[in-house]
Amino acid sequence: MLHTTHLFVRRALVLLLAGVIGCGSDLLLPDPPGGGQNVALTKVDGDEQTGTVGEPLPAALVVQVLSAREQPVSGRKVAFGPASDPAAGAVSPDTAVTNDAGQATARWVLGTSPGPHVVVAQLVGGEADNQVAEFRAAAVAAAPDTLRPMSALAQPGRRKREVGTAPVVHVADRFGNPVQNVPVAWQVTSGGGKVKEPITATDADGNASAHWTLGDRIGLHRLTAALGNVSGSPVTFTATVLF
């Protein structure tokens, strides 16, 4: 009887082992530490943003590291940097470590030059050359900071005629970048003349101009260009009518 029992147990173990082997493809062995060499770096958030020069972008840059079985890998280092775009600004931290969700995060502070910029996230390790993600952002000029003349402040003129040189002013942000679509207010303060448009917007170069027609008076005519409380505002242009 004992022999029969042992035989039954042995056969049950054999059947159990065969079943395990037969469904071996369904067994998931744990990933090696750090996900091994066969991992993938992908972007999660923070790409294709628009921000102001000298300021942080609204959203953080987020990447994720996944194993070959698409499982999140923690503890992997990811380096962030401007690569070949020195005007891109700065990314902090320059190296981040993936969390339990396999994600690494950094903040991008744009540089002082408007335009398109690129920073790169790169996996640190043996496969770093192949595991790179590019983040792109568009930087726009900051708020108006200064107003200055771009044409002569004084010129001769004739009564009831438009001045020979149109008055032009330039609007720049605190980094000296031209600011587009800023309304500049023009006002005749002496001489009795007029401007065709009392408000004109700056163009892509940050310049705004006015069509100034002098009044029917001999003497000094004045026109101002104003923009809130920015430095240099208002700018005063003069025209001298002798006859």
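In this predicted model, L41 has V65 as its bridge partner in β3. That contact belongs to a longer run of pairing: β1 and β3, the latter covering residues 61-66, line up in the antiparallel sense over 5 bridges.

Zooming out, the two strands are part of an open sheet built from 4 strands, in the order β1-β3-β7-β5, with antiparallel pairing. The edges go to β1 (40-45) and β5 (89-92); each has a single partner strand, so one side of each is left without a neighbour in the sheet. Neighbouring strands here don't sit perfectly aligned: on average they are turned by 30° against each other, ignoring direction.

Next come the aromatic rings. Searching the whole structure turns up 1 aromatic pair. The partners are W186 and F237, with ring centres 6.2 Å apart and planes at 35°; stacked would need planes under 30 degrees apart and edge-to-face over 60, so this pair counts as tilted. W186 comes from strand β13 (residues 183-190) and F237 from strand β19 (residues 235-241), so the pair ties together parts of the chain that are 51 residues apart in sequence.

How buried or exposed are the two partners? W186 is buried, at a relative accessible area of 4%, and F237 is buried too, at 2%. The cut-off for buried is under 20%.

One further ring contact involves a lysine. K43 lies over the face of F135, at 6.0 Å from the ring centre.

Methods. Residues are numbered from 1 along each chain as its sequence is written. This is a predicted model: local features need pLDDT of at least 70, side-chain atom pairs count only at pLDDT 80 or more; totals for chains, interfaces and linings use all residues. Side-chain values use heavy atoms; hydrogens and water are left out. Two strands pair if DSSP finds at least two bridges between them. Axes are lines fitted to C-alpha atoms, for helices over the stretch in contact, and angles run from 0 to 180 degrees between N-to-C directions. Rings of Phe, Tyr and Trp (its six-membered ring) pair if their centres lie within 6.5 Å; planes under 30 degrees apart count as stacked, over 60 as edge-to-face and the rest as tilted. Buried means under 20% relative accessible area, exposed over 50%, partly exposed in between (1.4 Å probe, protein chains only). A charge sits over a ring if NZ of Lys or CZ of Arg is within 6 Å of the ring centre and within 35 degrees of the ring normal.
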